[in-house]
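Biologist: Please show me the model, and then let us go through its cores, its strand pairing and its backbone angles.

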Amino acid sequence: MRLALIFVAAMTLVTDNIKYPDTPRDNIVDDVHGVKIPDPYRWLEDATKPNVKAWMAAEDKLARGYLAQLPGRDKLLARFKELFYLETVTPPYHFGNRYFYMRRHKDKEKAILYWKEGPKGEERELIDPNTLSADGSTSLGVWVPSWDGRTLAYGLKPNNSDETILHVMDVATGKVSTVDVIPGGKYAGPSWTPKGDGFYYTWVPPLSDTITPDVRPGFAELRFHALGADPAKDPVVHEKTGSAETFLGGYASKDGHWLIAAIQHGWNSSDVYYRDLRKKNDPWHELVAGKPFMYSVQAYKDVFYITTNEDAPRWRVFRADSHKLDRKSWREILPERKDTVIESADILGGRIMVRTMHDASSQLEVRALDGKMVRQVPLPGIGSIAAVVGDEDDDEAYFSFVSFTTTPRSYKTSMKKGGLELFYEVKVPIDPAPYTVEQVWYPSKDGTKISMF
């Protein structure tokens, strides 16, 4: 606290004499449904223009000069290193007999991808982003092992940017293919075939005079890449939408029966289409489209499980047999609840793991495929679940949990038997023992109860 007060006092003294770079204002005014909205600094949105570069350089110089004068920086830096540079391990992904996970070392900037042969196998380094480039500016993006765990599709991001180049690696040997190199993987999300001989992915063309960042999403295509084939000739399985306000993505079911494509319209609605991959040249079929709602679909053993906010702001879940997918044939298995939000519903270990939010705190349920309650997963207390990890046919499931008074932890549970086993706990140089959490409620002006901790 004393250090913080000194820091704030120093800031007050220094800011009195700051002269900021000149920032011109434009007379741009947008009319949005009859409301006039000024946007005088729109010219700053184009970071490629010389005047914007000059403005950013001047602001950067000013900020660095100001910060360099503040006392206590060395002490703050030392404490920040203690708090931010920690040993962490993510919940593992299980493919075949192999486990894949990210481990962050406290003496390295970026987390490293590791794998094991079996749950108790020797830890082996697979990709270390810290060594991908001399200056450390190449990042590891998406990574997805094939279902048998033998092959890895992964994305590298030069200059720590969003732009991504997909690569393919043999896991056992670490050998990287020189043929399977795919630019345009910014939104890729590779989805493997059951045999591991190829994957579906979203591809976007490079930026150009006609394909600018603001319209680029409309040029995204869903493609298929067969291992060893020329990526430039990858067939398009779903054409571009042509609308910059949409995002196209897709995946194949684990059994290889179904290809699902989703067209997302911002954060307001989505359209979903499907194809039967067992039928040659099967056309796209509409599952749902043109409705002002969001839909998330998982195909499991020829049954579609649909999580949606259709007429349900707190979300609900439907089940539909693949031979009868018209909207009237959907059967609701998890209805909307009055005081609980369904955040996700995933098929894990032949059951449904449902993550909900109740009274601003996470809860976890295991449900049968017909929606019937099997058990409530016990949690360490009031807190949030950050991720649920598992596979539709694997009994093991993992989730991350964090709260105000506990350090981040990962737990393992059995979808069949239940139980809870601590998988990993982040060691933080803070003693939480003196702290407790209590949830309290206060009425707002209209009587609605507002939760606080």
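Modeller: Two strands pair if DSSP finds at least two bridges between them. Keep in mind that this is a predicted model.

Biologist: Which residue stands opposite H94 in strand 5?

Modeller: Strand 4 (residues 93–95) runs antiparallel to strand 5, and three bridges join the two. Within this pair, the residue of strand 5 opposite H94 is Y99.

Biologist: Which residue takes a positive phi in the hairpin of strand 4 and strand 5?

Modeller: This hairpin has two residues between the strands. Phi is near 60 degrees there, and the residue with that value is G96.

Biologist: What is the bridge partner of Y101 in strand 6?

Modeller: Strand 5 also pairs with strand 6 (residues 112–117), in the antiparallel sense and over six bridges. In strand 6, the partner of Y101 is Y114.

Biologist: What is the bridge partner of V89 in strand 5?

Modeller: Strand 3 (residues 88–89) is antiparallel to strand 5, with two bridges between them. The partner of V89 in strand 5 is R103.

Biologist: How many residues of strand 5 are buried?

Modeller: Buried means under 20% relative accessible area. Strand 5 covers residues 98–104 and is largely enclosed by the rest of the structure, because the number of its seven residues that are buried is six.

Biologist: Which strand gives the largest share of the largest nonpolar core?

Modeller: That core has 16 residues, and L287, F304, I306 and W330 touch the most other members. Strands 16, 17, 18, 19, 20 and 21 each supply at least two of its residues. The largest share is three residues, and they come from strand 19.

Biologist: Which residues does L287 touch, not counting those up to four places away in sequence?

Modeller: L287 is one of the residues that touch the most other members of the largest core. With the sequence neighbours set aside, L287 touches V272, Y273, Y274, V297, F304, I306, L325 and W330.

Biologist: How many residues are in the second, separate core?

Modeller: Among the members of this core are F95, L113, L156 and M169. The second core has a total of 15 residues.

Biologist: Is N159 exposed or buried?

Modeller: N159 lies in the loop between strand 9 (151–157) and strand 10 (165–170). Its phi is positive, near 60 degrees. Most residues other than glycine have a negative phi. The relative accessibility of N159 is 61%, so N159 counts as exposed.

Biologist: What is the phi of N160 near?

Modeller: N160 is also in the loop between strand 9 and strand 10. N160 counts as partly exposed because its relative accessibility is 43%. Its phi is positive, in a residue other than glycine, and lies near 55 degrees.

How values were computed. Residues numbered from 1 in each chain as written. Predicted model: local features only at pLDDT ≥ 70, side-chain atom pairs only at ≥ 80, totals over all residues. Heavy atoms only, no water. Core = buried A, V, L, I, M, F, W, Y, C linked by side-chain atoms within 4.5 Å. Buried < 20%, exposed > 50% of the residue type's maximum accessible area, 1.4 Å probe, protein only. Helix = DSSP H or I, 4+ residues; strand = E, 2+ residues; numbered from the N terminus. Contact = heavy atoms within 4.5 Å.
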